[in-house]
Amino acid sequence: MEKSIKIKQKPRVLDVVSKVLIAIMLVVLIVYCISLLILPVWMILTSFKNSIEYVNNSFGWPENFYFLNYSGVFEKLQIRITDFVIYNVFHMLGFSTLYSLGSSLINVFFTTCMAYVLSKYKFFGSNFIYNLGIVVMIVPIIGSLPSAMMVRDALGVYNNMFLHIITSPSTCFSGTNFLLLYGAFKSLPWDYAEAVFIDGGNDFTAFFKMFLPMILPTATVIFVLSFLGSWNDYQTFMIWLPDTPNLAYGLYQFQGVSRQLYKATIGEIMAGFSLVIIPTVVLYSASQGLILSKFTVGGLKG
Amino acid sequence: MQRKKASSHNKVRTLFILSLISYPLILFLIFYVFVNLNSIRMAFFNVKLDGTWEFAYFDNFITFIKGLTETGNVIGMSMYNSIRMYLINLVICMPLYLIFSYMLFKQCFMHKAIRIVVMLPQIISGFVICMLFVNFISGPDAPLSMLFSHLKIFIDDKSGMPIDLLYNEKTAFATTIFYGIWISFGTSLIVYPNAMKEISSEVIESAQLDGVSNMFQEMFYIILPLIFPTLSTFLITGLAGIFTEAGTILAFYETNAPDYVHNMGYYYAKLVKNANETTYPMLAAGGLLMTLIVAPVVILVRHLLEKYGPSTEVQ
């Protein structure tokens, strides 16, 4: 069981080229990292400038910190759905929280359930469901968006946040999250369940009291990543839930085509972005170590 | 007595399995199977002016193919741009992901700080970074426009104003591609180094004893073969999403993108967002055609990668 590699001749030129290439790529990587810092720094600085100062000093440090931009966001950021329904920042914050928590919890829970059952139980159709998940992941079905719109509209799911959330885990036995959890459950021996059965427990006890706590770190990573994705998801709201805008969609409207309508200044737009990132930055910072260590993707064995 | 106990145990197990998987499977049947079957059905129908549907034989397919082959038609342009985006991603991004991941795996200078900074778009939010990028480069009060104006470069001959990179025909597509590449490193620079970390240090040490002495040899003889399952997963899922990903075009332009930056994912999202129901049958027909082309290609690529890709088994 020993891997042996035969290198015929020690290629010295390649050694030098390799070192030079690594040095060049390191410079490129550092420049790239600096470029990633420019926009967030510009956002924070601009959020403290009034319009006149911004025109004269777009990049530099603010001369006088102008905090009114932040209160301006709360005053101006409103989305009018009908003449009688107008949502402000707090409504949108509520929609963001409800959607992010709801869809992430329900998706992670059902993905965990499916991964556990398919990895630990052999029953009629279990292999078929697993392979179906792989097929759904790798075989693209293109152009079903119009049909999805018609079906969702007919079932009342379109523009209904509650129904949208509870119907979201429709392909939860497919995709990267499923594979991560499936692999994690596979690596745990069935002996734990046997011990539960000897103690008088059943399959429910084995799953909820034994395996679920053991898988919690991986499930937490998936939950956090899913929450971050949902918090910033404006496309779902643009296409499927236009009448219950979340903060991301609200800000998208605020800075985009409707900017003139809101009479929003660039400082207020940047203040809005600075506010919307606070929950994600806090959540990511708290779980960063876990995310960096747990996120691996294997192959697609069907 | 024992048989009774076993039967009760089996009932509990069946109940357990059903309670955990029934709901997602029912959702799958409605929102995946039925939606796709309905999409196939829609491809053969047309919406009449009074809102009723009539059988249209292959008319929708013909309309889509005509759009695909007509010069300057947005459908053909969308498909061309989707393919270009995928190829650029494959040729430029993939080698960079691997080299940068190798450097992080080897714990290069400032590797810890780099791993945090490359995740910034994910930490801060990809959406916010995208909006910041738009505000930074596009519009009369964008810093980049002011810079162009100050340096008197990239000035439009007709208007005498700095060009808007997102709305200039020569620069718009390149700008969306640049942004896609610029923003894409975060997840890759977590997943690939993590996959590399799982390679046993003994394997690398023994390879070094056998004469492996530089990055190229280590990559080709050790790392690439051992992380090949991860690599092929990304290649396959990337190919599978070639005509469904809208990328950042929706964020950049909402539904007002110029034709020359459209891709297939965006084209579909735009028409559905605009609730243009009369176009649905043609879109469904186009989707069915593209699926019939892309699905076998993806399966073939997966088969070839498994058959001819490097084995991860230790010899």
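**Figure 1. Where chain A meets chain B.** In this predicted model, the contact draws 80 residues from chain A and 92 residues from chain B. On the chain A side, helix 1 (residues 12–46) of chain A supplies the largest share, with 15 residues. Sort the residues of that side of chain A by type and you get 57 nonpolar, 18 polar and five charged.

**Figure 2. The largest nonpolar core and its best-connected members.** This core holds 148 residues, and the members touching the most others are A:M114, A:L181, A:F273 and B:V128. Helix 10 (residues 203–231) of chain A gives the most to the core, namely 13 residues. Zoom in on A:M114 and, once neighbours within four places in sequence are set aside, you find contacts with A:C172, A:F173 and A:F178, plus B:I21 and B:P24 from chain B. As general background, nonpolar side chains tend to be buried together in soluble globular proteins.

**Figure 3. A:N107, a buried residue in helix 4 of chain A.** A:N107 belongs to helix 4 (residues 89–120) of chain A. Is A:N107 buried or exposed? It's buried, because 23 other C-beta atoms lie within 10 Å, and 20 or more is the cut-off for that label. Which residues does A:N107 contact, leaving aside neighbours within four places in sequence? They are A:S168, A:P169, A:C172 and A:S226. A:C172 is also among the contacts of A:M114. For a sense of the fold here, take A:N107 and A:I222: they sit 115 residues apart along the chain, yet their C-alpha atoms are separated by 9.5 Å.

**Figure 4. A:A184 in helix 8 of chain A.** The helix in view covers residues 176–186 of chain A, and A:A184 is part of it. A:A184 has 21 other C-beta atoms within 10 Å, so it counts as buried. Not counting residues up to four places away in sequence, A:A184 touches A:I215 and A:T218. Another pair to look at is A:A184 and A:A115, which are 69 residues apart along the chain and have C-alpha atoms separated by 8.9 Å.

**Figure 5. The two domains of chain A and the patch between them.** The domain assignment splits chain A into domain 1 (12–68) and domain 2 (74–294). Their C-alpha centres lie 32 Å apart. Nine residues of domain 1 of chain A are in contact with seven residues of domain 2 of chain A. On the domain 1 side, the elements giving two or more residues are helix 1 and helix 2 (51–56) of chain A. Helix 1 of chain A has the largest share of that side, three residues. By type, the domain 1 side divides into four nonpolar, four polar and one charged.

**Figure 6. The two domains of chain B.** Here the division is into domain 1 (1–42) and domain 2 (45–308). Taken over C-alpha atoms, 36 Å separate the two domain centres of chain B. Four residues from domain 1 of chain B and six residues from domain 2 of chain B make up the contact. The domain 1 side of that contact breaks down into two nonpolar, one polar and one charged.

**Figure 7. Helix 15 of chain B, with a bend at B:T291.** This helix runs through residues 280–308 of chain B. How does its span compare with what you'd expect for 29 residues? At 1.5 Å a residue the helix should span 42 Å, and the end C-alpha atoms are 41 Å apart, which agrees. There is still a bend to look for: helix 15 of chain B turns by about 25° at B:T291.

**Figure 8. B:Y57 and B:F58 in a loop of chain B.** B:F58 is in the loop between strand 2 (53–55) and helix 2 (59–69) of chain B, and B:Y57 is in the loop between strand 2 and helix 2 of chain B too. B:Y57 counts as exposed because it has 10 C-beta neighbours inside 10 Å, while B:F58 counts as exposed with 11; the cut-off for that label is 12 or fewer. Check the backbone at B:Y57 as well: phi is near 50°, a positive value in a residue other than glycine. B:F58 and B:V203, 145 residues apart in sequence, are 58 Å apart in space, C-alpha to C-alpha.

**Figure 9. B:S125, between two helices of chain B.** B:S125 takes its place in the loop between helix 5 (120–124) and helix 6 (126–137) of chain B. Phi of B:S125 is near 120°, a positive value in a residue other than glycine. B:S125 counts as buried because 25 C-beta neighbours fall inside 10 Å.

How values were computed. Residues are numbered from 1 along each chain as its sequence is written. Chains are lettered from A and ligands numbered from 1 in the order in which they are written. This is a predicted model: local features need pLDDT of at least 70, side-chain atom pairs count only at pLDDT 80 or more; totals for chains, interfaces and linings use all residues. Helices (H or I, at least four residues) and strands (E, at least two) are DSSP runs, numbered from the N terminus. Two residues are in contact if their C-beta atoms, placed from the backbone, lie within 7 Å. Ala, Val, Leu, Ile, Met, Phe, Trp, Tyr, Cys and Pro count as nonpolar, Asp, Glu, Lys and Arg as charged, and the others, Gly among them, as polar. Domain bounds come from an automatic or database domain assignment. The expected span of a helix is 1.5 Å times one less than its number of residues. The bend at a residue is the angle between axes fitted to the seven residues ending there and the seven starting there. A nonpolar core is a set of buried Ala, Val, Leu, Ile, Met, Phe, Trp, Tyr and Cys residues joined through C-beta atoms within 7 Å.
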